[in-house]
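Biologist: Please show me the sequence and the structure. Then I will ask about them one point at a time.

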Amino acid sequence: MQLAIVIMAAGKGTRLKSRRPKVLHQIGGRSLVEHVVAAAAQVVEPKDIYVVIGHEAAAVRAALQHTGVRFVMQGEQRGTGHAIQTTKPEVEGYENLIVLSGDAPMITTETILRLRDFHLEQQAAMTVLTARLADPTGYGRVIRKNADKPEMAADVIAIVEQKALKPEQRSAPEINSGIYAFRTEALFKHIGELSTDNAHGEYYLTQMAALLVKAKERVVALETADVHQVLGANTIAEMMELDAEMRMRKAQALMAEGVTIFRPETSVIDSTVTVGADTVVEPFVQLLGQTTIGSGCRIRSYSVIEDSTLGDDVVVRNGSIITSSLIAKGAVIGPYSHVRPESEIGEGAHVGNFVETKKSRLGAGAKANHLSYIGDAEVGAATNIGAGTITCNYDGKAKHRTTIGANVFVGSDSTLVAPLAIADGSYIAAGSTITEDVPADALALGRARQTVKPDWAKKMRSRKN
Ligand code: UD1
Ligand code: MG
């Protein structure tokens with residue numbers, strides 16, 4: 001067996017001051033550890049990926065179950081060295097191991113492959129992935145024998161943690177990413193020599209560099225120019241920096257595919273979203289989760305679209321919220337529409353301002369342009385729902401459906417009490433409360449007859465008191 005990947009994800013993340021374990025915090029719409037697993041799964045099969053879990057193990061396991069990776073339990077978290085030691089029974093049969101950190105989410109498949117190839121080419125016992133940071137504070141530093149000659153690979157002497165740096169080492173710019181390749185046999189031959197003689201009293205995996213050098217094994221470093229790939233997310237601020245970077249990369253990838261994104265630094269687009277060419281995304285738009293947007297659409301500012309599919313040429317006007325719904329080609333939504341889960345808006349249909357839909361289907365060309373609630377309803381093609389129409393779908397106990405046929409005209413301010421069926425081509429008079437089914441092509445009125453009292457107002461005004 002050739003290569004396994006171990007992902008360390010058992011730590012608590014004390015610096016986050018959060019109840020949620022660090023590796024389950026999200027950037028770019030996905031948890032940190034899911035990003036790492038996604039990159040690793042392009043290098044080896046999921047069954048050759050071992051995730052070390054411990055703190056909130058059940059939650060981390062649940063988040064990753066769908067990926068098919070294996071889990072190793074580190075009951076007590078006694079440091080990164082201890083985390084790897086825990087995996088020995090599972091992984092000692094592999095020739096080489098790549099170790100990734102569950103909290104370094106921007107690592108890419110390409111970089112893991114480069115690390116693997118360099119490690120094998122160098123026939124090293126340990127290869128450390130490094131980067132040079134303008135501000136390396138907080139990271140372990142890679143100390144090389146020939147620091148001025150980075151092209152000389154076999155020259156790592158040690159990795160020194162921030163707290164153990166000597167004053168003259170504090171500005172050393174080359175950081176340890178916490179990402180390594182090991183020859184498995186050399187790693188486990190010496191891992192028992194790790195000590196807890198350090199600031200945290202933990203077993204540091206970083207100490208392996210010095211131990212292997214002492215044992216005359218080859219320890220090398222591979223520097224990456226893309227510093228974001230190795231940045232750890234240890235605090236909320238660091239996470240938000242990576243989130244911004246990841247979303248900017250997503251926006252750039254979409255722009256390269258022909259999508260126009262105005263002020264991309266203001267958009268929030270999850271890694272999972274797809275958008276067709278010639279679609280325009282205005283500033284301050286959020287596209288989240290499993291969202292697919294066709295081509296030629298326009299998504300106007302302050303709209304939030306989540307887990308939804310939009311066909312081609314859809315216009316979403318300002319401030320609309322669309323969740324878990326389908327919007328067909330050429331439909332117009334908004335401004336300020338709330339399209340709630342399980343809505344299906346037909347081709348060319350309009351859902352206008354302050355209209356809320358839920359679990360409802362609007363046929364092709366149907367219109368609900370102003371101030372309506374359409375819940376648990378079926379609306380036929382080309383039907384017009386007048387301003388202020390409400391489907392009364394809830395009787396205090398259960399939800400009921402309203403079925404409205406095609407080419408129906410529902411007058412403004414109608415109250416449609418479900419369960420109710422209104423057949424094709426009928427008219428509902430404005431201001432009606434409709435409680436009984438309406439046959440095709442009929443007119444239904446359900447309101448009090450108007451009374452007019454001549455001169456009533458004039459008399460009222462002339463009264464003494
Ligand atoms: C570690 C490195 C540091 C490096 C930095 C890069 C050590 C001692 N230091 O520091 O040199 O610059 O990463 O980001 O390794 N974990 C476990 N079990 C444990 C402890 C930690 O699985 O017992 C996991 C954590 O969940 C985390 C990863 O290991 O995903 C790294 O641990 P963390 O505490 O973040 O290490 P750093 O202090 O960032
Ligand atoms: Mg860390």
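**Strands, ligand and loops**

Biologist: In strand 30, which residue is the bridge partner of Val351?
Modeller: In this predicted model, strand 27 covers residues 350-353 and strand 30 covers residues 367-370. The two run parallel and are joined by three bridges; strands pair if DSSP finds at least two. In strand 30, Val351 has as its bridge partner Ala368.

Biologist: Which pLDDT do local features need?
Modeller: Residues are numbered from 1 along each chain as written, chains are lettered from A and ligands numbered from 1 in order of writing, and side-chain values use heavy atoms, without hydrogens and water. In a predicted model like this one, totals for chains, interfaces and linings use all residues, side-chain atom pairs count only at pLDDT 80 or more, and local features need pLDDT of at least 70.

Biologist: Which residue in strand 30 stands opposite Asn353?
Modeller: Strand 27, which ends at residue 353, runs parallel to strand 30. A strand here is a DSSP run of E with at least two residues, and a helix is a run of H or I with at least four. Opposite Asn353, in strand 30, stands His370.

Biologist: Which residue in strand 27 stands opposite Val332?
Modeller: Strand 24 covers residues 332-333. Strand 24 is joined to strand 27 by two bridges, and the two run parallel. Opposite Val332, in strand 27, stands His350.

Biologist: Which are the edge strands of the open sheet of 11 strands?
Modeller: The pairing in this open sheet is parallel, and the order is 12-15-18-21-24-27-30-33-36-39-41. An edge strand pairs on one side only, and here these are strand 12 (260-261) and strand 41 (443-444).

Biologist: And which are the edge strands of the open sheet of nine strands?
Modeller: The order is 14-17-20-23-26-29-32-35-38, again with parallel pairing. Each edge strand pairs on one side only; they are strand 14 (274-275) and strand 38 (420-422).

Biologist: In strand 32, which residue is the bridge partner of Leu362?
Modeller: Strand 29 (residues 361-362) and strand 32 (residues 377-379) run parallel. Two bridges join strand 29 to strand 32. In strand 32, Leu362 has as its bridge partner Val379.

Biologist: How many residues surround ligand 1?
Modeller: A residue counts if one of its heavy atoms lies within 4 Å of the ligand. The closest are Gly11, Gln74, Thr80, Glu161 and Asn176. Helix 3 (80-86) and strand 10 (174-183) each supply at least two residues of the shell. The number of residues around ligand 1 is 23.

Biologist: How much of ligand 1 does the protein bury?
Modeller: A backbone N or O atom of Met8 lies 2.9 Å from an oxygen atom of ligand 1, and a polar backbone atom of Gly79 is also 2.9 Å from a ligand oxygen. In the side chain of Glu161, an N or O atom is 2.7 Å from an oxygen atom of the ligand. Taken alone, ligand 1 exposes 760 Å² (Shrake-Rupley method, 1.4 Å probe). Of that, the protein buries 90%.

Biologist: Which residue does a cis peptide bond join to Ala418?
Modeller: Most peptide bonds are trans. One cis bond, with omega about 0 degrees, joins Gly334 and Pro335, and Pro335 is in the loop between strand 24 and strand 25 (338-339). Another loop lies between strand 37 (415-417) and strand 38, and Pro419 is in it. There, a cis bond with omega about 0 degrees joins Ala418 to Pro419.

Biologist: What is the phi of Asp307?
Modeller: Most residues other than glycine have a negative phi. Asp307 is in the loop between strand 19 (304-306) and strand 20 (309-310). Asp307 is not a glycine, yet its phi is positive, at about 45 degrees.

Terms used. A polar contact is a pair of N or O atoms within 3.5 Å; within protein, one must be able to donate a hydrogen and the other to accept it, and residues adjacent in sequence count only if both atoms are side-chain atoms.
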